[in-house]
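Biologist: Please take me through this model feature by feature, giving the general idea before the particular case.

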Amino acid sequence: MHINSDILKACASNDRKAQKQLYEYCFKFLMPLCLRYHNNDEDARSSLNIAFLKIIKGIDSIDVEAVNFNAWVKKITTNTLIDEYRKSKIHLTHYQGKETERELDFYAEVIQNDAESDFGCAAIMKLLSQIPTVSAHVFNLYVIDGYSHREIGEKLKISEGTSKWHLSTARKLLREKLEKMNASLPQEMVI
Amino acid sequence: MNWTEEDIDQLFRDSANQLNIPFQESYWTEMEALLPETKTKKGLGWIFGGTVVCLALISTFFFPENIVKLENITTKVANNQTKFITPTNSVSPIQAVEAKTVEAKIIHAENITLKAEKSTKAQSRNQIIDNNILANSEISVSSNETFVQHENLNLVAQNQIDLANQIELPEEIEEQFSIERLPLLSSTNQVTSLATSNFKSLNLKRKSNTLFVQIGAGLTESFIQTSERNWMPTLNIGAGYQYSPKGFGFTAGINLNTTFSDNLEINRKSKVYNFGSTNYEQNFKYKQIYTLELPVSVDFRKDKQTFSLGISPTFIASSLMRFSQSENGNLSHDEFYIGQKVGLNHFGLKPSVGYQLELAKGWNLGIQLQTQLMKQVDDSQFIGKLRDNPLSGQITIRKMITKF
């Protein structure tokens, strides 16, 4: 699917067809991004929708011919995800404790099922939801989205040092989980 | 396997890039509900409504009906008298002299007529006729009572009656223009009797009460907000009563409206406990919705055009719908039903603006724009976003069946 400036201009003038076309286009690469910051599809989609609203409202303010649209959209979505995280930070830390055990069971089951056939992308990405949220976010922002520790610190309202510590912790925890996954694979699969 | 930092980073980068989430239409439905409403459709409605109202105002204020009418009357008087004078000139010199007198009197009468334009229509019209009759009456007094003169007077009187027949009288004049004023018309018995008998036969009252039947077709905006289809076709048939004098009147009627829908679905889930439990999933997909409407409107008629502003209480009377039900995931019912109104709100209220044009005698073509003020779908039973004030537009053909 190709998005050109005509479609973007039509989106800005509230043309539903064009907006749907853009949504389908954005969904493909923004939904995986949102899923990295959320434990479930519904929350991820909710964040994606909020980000898409901002995109539609913001198209007017950019030069659609000059701006790298994909990068702009990705930046808006990442900012939205971080904003959402910051807003729900207190709620999450309070709530996470209750959910963790059940979720761990759920994801453990998923990982096992996926691992039987393959190191599935979804299963690997879901490992991120099994480590502390801040560490996962720092890992996402640094490793996958390419932000520096200074930028991450600004976004998450933490110091650069704390950001580095979270990255290190995330890597350590992920390594443990990957090794556990590896060990649970049937012998014939691990060659 | 020993996982280095680079291995872990690379594994997650690759997984993030390869992750593919399939898109579903329902995701867009959710998103669409959050987007601001499209302005164009509503805008079109307001533009159309505004145009109708503006046309009504322009036609009322920029075409001064009174002056045009009085000028027509004056012209008609002059033309009719000229027609009468011409043949008498060729008959006899006496008649020619009398004709000149008549002409002079007519000019005098026209002057009075022009002055009378400043007064009311009724006074003006009576002045014109009285002046002309007075002129003709003076002829009979100033000349010998010959057979020819009587004939002339009769013709004058006849001419006045023809004239009266040609003039379309506004309603407010009709009551004043009664038989009691007729003695002024003539000074001779012959003229009086002729004029009286002819005026008695005049039917100057316009019939303003009408019974009509009508059919119409149009489009209604979907009750729910969707991306694929926003308009539903409608058909209607109706009858009513219209009081339409010149100027303001009113209309009241009854319409049966059919709306063809293909996207209105209501789903229900329920769990019934017995020995074990059964999960029921019911789906109601509306195909046609039958609505009874009782429109009333205030009309403004000008010549062949009528502008109306009204309101129409509506009642969803019935529907044609496809009902499907599954029990524990197995389809148990899938059939069409008539008469179900599950998840629909029965009552509604539609303000309307309309325009009608008389195409031929007894046949009117109309266009009407309405908006539904009340929600037609019960939002407690519907998942999705309902449209706030769906617009509807329709074209109608109205046949006047009885006038009285």
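**Reading the model**

Modeller: Let us start with a single residue: at 44% relative accessibility, Glu25(B) counts as partly exposed, where buried means under 20% relative accessible area, exposed over 50%, and partly exposed in between (1.4 Å probe, protein chains only). This is a predicted model, in which local features need pLDDT of at least 70 and side-chain atom pairs count only at pLDDT 80 or more, while totals for chains, interfaces and linings use all residues. Residues are numbered from 1 along each chain as its sequence is written, chains are lettered from A and ligands numbered from 1 in the order in which they are written, and side-chain values use heavy atoms, with hydrogens and water left out.

Biologist: How many helices and strands does the secondary structure of chain A come to?

Modeller: Helices (H or I, at least four residues) and strands (E, at least two) are DSSP runs, numbered from the N terminus. Chain A has nine helices and zero strands, whereas chain B has nine helices and ten strands. Chain A has 191 residues, 48% of which count as buried, and for the 404 residues of chain B the buried portion is 44%.

Biologist: How should I read the contacts within each chain, and what percentage in chain A join residues at least 24 apart?

Modeller: A contact means heavy atoms within 4.5 Å. Taking the contacts of chain A between residues at least 6 apart in sequence, 64% join residues at least 24 apart; in chain B, residues 24 or more positions apart account for 68% of the contacts with a separation of 6 or more. For a local case, Thr306(B) sits in strand β6 of chain B, residues 305-327, and counts as buried at 7% relative accessibility. Leaving aside residues up to four places away in sequence, the residues that Thr306(B) touches include Gln242(B), Asp299(B), Tyr355(B) and Gln356(B).

Biologist: Turning to the interface, how much area do chain A and chain B bury between them?

Modeller: The size of an interface is often given as the accessible area lost when the parts come together. Chain A and chain B bury about 3300 Å² between them, with 69% of it on carbon and sulfur atoms; this buried area is the accessible area (1.4 Å probe) that two parts lose on being put together, summed over both. Arg16(A), Lys20(A) and Arg171(A) supply 19% of the area that chain A buries against chain B, which is more than any other three residues. In all, the contact takes 32 residues from chain A and 29 residues from chain B.

Biologist: How many residue pairs between the two chains are in polar contact, and which helix of chain A gives the most to the side that touches chain B?

Modeller: A polar contact is a pair of N or O atoms within 3.5 Å; within protein, one must be able to donate a hydrogen and the other to accept it, and residues adjacent in sequence count only if both atoms are side-chain atoms. Between chain A and chain B there are six such residue pairs, both residues being at pLDDT 80 or more. On the side of chain A that touches chain B, α2 (16-37), α3 (41-58), α6 (121-127), α7 (133-144) and α9 (160-184) each supply at least two residues, and α2(A) gives the most, with ten residues.

Biologist: How many salt bridges are there between chain A and chain B?

Modeller: Side chains of opposite charge can pair when their charged atoms come close. Here a salt bridge is a side-chain nitrogen of Lys or Arg within 4 Å of a carboxyl oxygen of Asp or Glu, and the count between chain A and chain B is five, while a search of the whole structure finds 13 over all chains. Glu25(B) forms one with Lys20(A), the closest N and O atoms being 2.7 Å apart; this pair crosses between chains, from helix α2 (residues 25-34) of chain B to helix α2 of chain A. Lys20(A) is buried, with a relative accessible area of 13%. In another salt bridge, between Asp9(B) and Arg171(A), the closest N and O atoms are 2.6 Å apart.

Biologist: Within chain A, how many residues apart in sequence are the parts that the pair of Asp145(A) and Arg36(A) ties together?

Modeller: The side chains of Asp145(A) and Arg36(A) meet in a salt bridge (3.1 Å, N to O). Asp145(A) lies in the loop between α7 and α8 (149-156) of chain A and Arg36(A) in helix α2 of chain A, so the pair ties together parts that are 109 residues apart in sequence. Both Asp145(A) and Arg36(A) are buried. By way of a second case, Glu154(A) and Arg150(A) form a salt bridge (3.2 Å, N to O), and, being four residues apart in helix α8 of chain A, they are separated by about one helical turn. Glu154(A) is partly exposed at 48% relative accessibility, and Arg150(A) is partly exposed with a relative accessible area of 47%.
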